[in-house]
Amino acid sequence: MQIIADIGGIPGKNCRGFCKYCYFRKVKTLDPLGCRQCSPGKLGCEHCTEGVRETKTEFIPPFLVLGNLQNSLMMGNYRGGDLKINISGGGDLSCYPYLLELTSAISQWGMPIHLGYTSGKGIDDPQMAEQLIAHGVEEVTYTIFSTNPLLRKTWMKDPTPEASVEAFRIFCENSEVHAAAVIVPGVNDGEELLKTCNDLEEWGANALILMRFANFRNQGLILGNEPIINGLTPHSLEEFEDMVREINRDYQFRVTGTPLCDPETDAPFALSLDKKREYVDILSEIKSEATLLTGKVAKPFLEKIMENIGASDLVNVVAADQDIGCLITHEELEDLDLKDLKETVIIPGRAFVHDKKATEILSQDGVERLVVRGPDKLTVDGEMSGTLSKEDVLKKELMAFEDLIEAINFFGVRKK
């Protein structure tokens, strides 16, 4: 179990500047997106304005971080000896000027520390890694991008890339390290990726998550910031999945990818595989008609699961022009062919749409549709599945799909 110690921070400001590929680069201040947290009569709230842009909270003083952490410890009913403090924030942890002071204070409590995210851009001296380990850091999530210092300097704007890579090596040799790399075509893929993987294996990294670079709106850039890099076309979903599977096959450390895939647990949507039919058979029967609105990544998986459940005649799956369902906005709803939609439409629980406006948009053809939200997640992506077993993934999917089926049967049109 982990307790979050939030240090705050703003992307681009509290990380020594944006990496060239950063999702938050070029973000514009636009109208609210809308989300499930908005009040029924008003489009817009903190979550879908400042929250999604992560522009609100600068670095928090260490005494406030420690105070909040102490409150969490006192208020929580924590038992057992596996409690860990996860230091996390919107900026880069290594750029937090009080990081050593904070970890030193936490170390007095005798609890291990997880550095929830760092790119290492704030590490000018590798000795900092040794100090953090001495303070009880046992786990690190580290965006390495490449172990080639020149690529880090050029693409991450890392002022001291040699020190950052050396600190990464020290972390690998003395703690549990989950590395991450946004894969930019022609930059850190191909031979450069293999060199990085060779270093990870030699140094003892525990895991690597490959993250597909996004450059267009339908790949997730919904904050008015496309393209991140002019003239660059990201890997296709098929190319990216093949890359993840190839690296997983050739190296011993744990390999996952986002948005696809986890070769070890079969996530996302392990239930879509024929070899998992015995698990699908324990799900409740679908008795009502509805449309599942989702993203392009999830559509084929959901169609296969509905087929395996025996509900393809009752539930159709429609993909908006967005790879990830959680990033569907009103703009994608406006582009749908409403003839494809049944009277009940179930949208992703975390979609960035206002409930009332979504109903208005999806009823513009004169059909008064009922638009409801499904579960927040139907599966897990590579950022989560890398720490899970096959059984964990199946359990999470079964629980989520049981909730989805309950929503379909309750809100859908009952078949006569």
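Visitor: I would like to learn to read the packing here. Leaving out residues up to four places away in sequence, which residues does Ile87 touch?

Guide: Contacts are a good place to start, with the reminder that this is a predicted model. Once residues up to four places away in sequence are set aside, Ile87 touches Ala5, Ile7, Leu93, Leu99, Leu102, Thr103, Ile106, Ile113, His114, Leu115, Gly116 and Tyr117.

Visitor: Which residues touch the most other members of the largest nonpolar core?

Guide: To read a core, look at how its members connect. This one has 55 residues, and those touching the most other members are Ile87, Leu115, Phe168, Phe171 and Leu210. Helix 6, residues 161-174, gives the most to the core, with 6 residues. There is also a second, separate core of 31 residues, and Ala311, Leu378, Leu394 and Leu404 are among them.

Visitor: Now the cysteines. How many disulfides does a search of the whole structure find?

Guide: The search comes back with 0 disulfides. Cys15 is in none, and the nearest cysteine sulfur to its own belongs to Cys95, 6.3 Å away.

Visitor: Why is there no bond from Cys95 to Cys15?

Guide: The way to read this is to compare the sulfur separation with the cut-off. A disulfide needs the two sulfur atoms within 2.5 Å. The closest cysteine sulfur to that of Cys95 is in Cys15, and because they are 6.3 Å apart, they are too far for a bond.

Visitor: Are these two cysteines buried or exposed?

Guide: Burial is read from relative accessible area, and the cut-off for buried is under 20%. Cys15 has 13%, so Cys15 is buried. Cys95 has 18% and therefore counts as buried too.

Visitor: Let me try the prolines. Where is Pro112 placed?

Guide: For a loop residue, begin with the elements on either side. Pro112 sits in the loop between helix 3 (99-107) and strand 3 (113-118). Its relative accessible area is 19%, so Pro112 is buried. Not counting residues up to four places away in sequence, Pro112 touches Leu83, Lys84, Ile85, Gly136 and Glu138. Phe18 lies 94 residues from Pro112 along the chain, and their C-alpha atoms are separated by 30 Å.

Visitor: And Pro159, which loop holds that residue?

Guide: Pro159 is found in the loop between helix 5 (149-155) and helix 6. At 41% relative accessibility, Pro159 counts as partly exposed. Beyond its neighbours within four places in sequence, Pro159 is in contact with Arg16, Lys121 and Lys153. From C-alpha to C-alpha, Pro159 and Gly122 are 8.5 Å apart in space, with their positions 37 residues apart in sequence.

Visitor: What about empty space? Which residues line the largest cavity?

Guide: Take the count, the volume and the lining in turn. The whole structure has 1 cavity of 30 Å³ or more. The volume of the largest cavity is about 40 Å³. Its lining is made up of Leu93, Ser94, Leu99, Leu115, Thr118, Ile123, Met128, Leu132 and Phe171. Strand 3 and helix 4 (127-134) are the elements giving two or more residues to that lining. By class, the lining has 7 nonpolar residues, 2 polar and no charged.

Visitor: How do the residues lining the second largest pocket divide?

Guide: That lining has 6 nonpolar, 4 polar and 6 charged residues. The pocket holds about 230 Å³ of space. Of its 16 lining residues, Leu30, Asp31, Leu33, Arg217 and Ile222 lie nearest the centre.

Note on methods
Residues numbered from 1 in each chain as written. Predicted model: local features only at pLDDT ≥ 70, side-chain atom pairs only at ≥ 80, totals over all residues. Heavy atoms only, no water. Core = buried A, V, L, I, M, F, W, Y, C linked by side-chain atoms within 4.5 Å. Buried < 20%, exposed > 50% of the residue type's maximum accessible area, 1.4 Å probe, protein only. Helix = DSSP H or I, 4+ residues; strand = E, 2+ residues; numbered from the N terminus. Contact = heavy atoms within 4.5 Å. 1 Å grid on protein atoms, 1.4 Å probe; cavity = no way out; pocket = protein on both sides within 12 Å on 5 of 7 lines; lining within 4 Å. Points joined across faces, edges and corners; volume = space filled by probe spheres on them. Nonpolar A, V, L, I, M, F, W, Y, C, P; charged D, E, K, R; others polar.
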